[in-house]
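Visitor: I'm new to this structure and would love a close look at a single part of it. Could you take me to the surroundings of one bound ligand, and then show me how the rest is arranged?

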Amino acid sequence: RTLELDLRKALANEEFELFYQPLINLKSGKITTCEALLRWNHPVRGTVSPIDIIPVAEDMGLIVDLGRWILRRACMECMKWPDGVSVAVNFSPHQFHQRDVLSEIRYALEVSGLPAHRLEIEITESSLLRNTQLTHDILSQLHALGVHISLDDFGTGYSSLSYLHNFPMQKVKIDRSFLEGIDTDRPLTLLRGVARLSADLGMSVVVEGIETNEQLELISADGTVTEGQGYLFSRPVPAVRIRQLLNASH
Ligand code: G
Ligand code: G
Ligand code: NA
Ligand code: MN
């Protein structure tokens with residue numbers, strides 16, 4: 001209840017902030033993309049997680065305004081980065097299926113001046129579950145626009161491997177749960193299998209949640225995984241800090 005009231009004021013009071021976490025090309029070691037992650041600096045509660053913000057904002061109907069703010073801010077921030085670096089923005093199923101999703105994305109690109117190919121939209125499998133034809137149309141139009149689509153948290157939902165070829169997507173992000181027990185045979189075989197399949201279908205493959213050098217070595221060994229993301233490289237950091245990391249990396 002009070003969270004709702006506070007949330008209404010938060011946009012106007014500029015209490016939201018985007019943090020960024022880099023995705024690293026495993027061959028070159030360079031940052032390819034930075035994922036925008038929402039933070040709410042609540043005056044009393046401190047930092048509030050997006051896990052608590054997004055569902056409430058959706059219930060309140062505030063998600064359109066908040067989503068618009070996130071998308072524009074992320075695109076504007078990306079304009080300050082080296083040319084080859086993209087920005088990734090998370091869309092909940094609710095956001096992805098909102099009626100004006102295409103015009104929202106077009107508008108954010110227009111006002112920021114960001115080329116479409118530098119924007120990645122991260123969706124989860126649950127976004128692909130409903131309205132299959134409509135979903136397919138939206139993805140095709142985004143594809144035509146030049147925006148890239150990433151399938152986030154892959155392997156956690158009601159994963160159907162058919163998603164990987166039925167929808168036009170450029171990137172698969174293998175969920176960090178696949179790294180659990182990676183030092184044993186079976187999980188590694190599973191991860192490599194999913195990676196190989198995605199790569200064979202023409203997608204780039206990211207492994208999320210890399211925390212140790214051992215994990216990095218295991219997933220890098222066969223060259224299938226193109227990018228990595230995780231605390232080993234960097235935690236999500238404020239915009240100023242990501243610019244420093246980018247300057248050091250490029
Ligand atoms: O950054 P963190 O690990 O706390 O994020 C927690 C969850 O919130 C993740 O699932 C992430 O995808 C989601 N999330 C973070 N930022 C955003 C955002 O801007 N929009 C949406 N829809 N989800 C976000
Ligand atoms: O759902 P999504 O993949 O967008 O969520 C990203 C979330 O994962 C963010 O909350 C981010 O803080 C978290 N995260 C990023 N890297 C790591 C990592 O190496 N380990 C763990 N445990 N969490 C991570
Ligand atoms: Na994500
Ligand atoms: Mn993810």
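Guide: Let's start at ligand 2, which has 13 residues around it in this predicted model. Those that come nearest are Gly209, Glu211, Gly230, Tyr231 and Pro236. Sorted by class, the shell around ligand 2 holds 5 charged residues, 4 polar ones and 4 nonpolar ones.

It helps to set this beside the other ligand. Around ligand 1 there are also 13 residues, and here Leu37, Leu38, Pro50, Asn90 and Ser92 come nearest. The shell around ligand 1 has no charged residues; 9 of its residues are nonpolar and 4 are polar. Two elements, strand S2 (31–42) and helix H2 (50–60), each supply at least two residues of that shell.

Now let your eye move to a pair of helices. Helix H3, residues 63–78, packs with helix H5, residues 101–112, at an angle of about 35°, and their axes are 9 Å apart. The crossing of H3 and H5 is right-handed. On the H3 side, the residues that take part are Arg68, Leu71, Arg72, Cys75 and Met76. They meet Glu104, Ile105, Ala108, Leu109, Val111 and Ser112 of H5. By class, this contact of H3 with H5 counts 7 nonpolar residues, 3 charged and 1 polar.

One more stop is a loop. Between strand S7 (171–174) and helix H9 (185–200) you will find Ser177. Is Ser177 buried or exposed? The answer falls in between: Ser177 is partly exposed, because 13 other C-beta atoms lie within 10 Å. To place Ser177 in the wider picture, try Arg8 as a landmark: the two are 169 residues apart along the chain, and their C-alpha atoms are separated by 34 Å.

Finally, step back to see the whole chain. The chain contains 11 helices and 10 strands. Its C-alpha atoms fill a box of roughly 50 × 40 × 35 Å along the principal axes. For 250 residues, a compact globule would have a radius of gyration near 18 Å, and the chain's value of 18 Å agrees with that. Buried residues make up 38% of the 250. Among contacts in the chain with a separation of 6 or more, 64% come from residues 24 or more positions apart.

Terms used:
Residues numbered from 1 in each chain as written. Chains lettered and ligands numbered in written order. Predicted model: local features only at pLDDT ≥ 70, side-chain atom pairs only at ≥ 80, totals over all residues. Near = placed C-beta within 6 Å. Nonpolar A, V, L, I, M, F, W, Y, C, P; charged D, E, K, R; others polar. Axes fitted to C-alpha atoms, helices over the stretch in contact; angles between N-to-C directions. Helix = DSSP H or I, 4+ residues; strand = E, 2+ residues; numbered from the N terminus. Left-handed = near helix turned anticlockwise from the far one by under 90°. Contact = placed C-beta atoms within 7 Å. Rg over C-alpha atoms; globule rule 2.2 N^0.38 Å. Buried ≥ 20, exposed ≤ 12 C-beta atoms within 10 Å, placed from the backbone.
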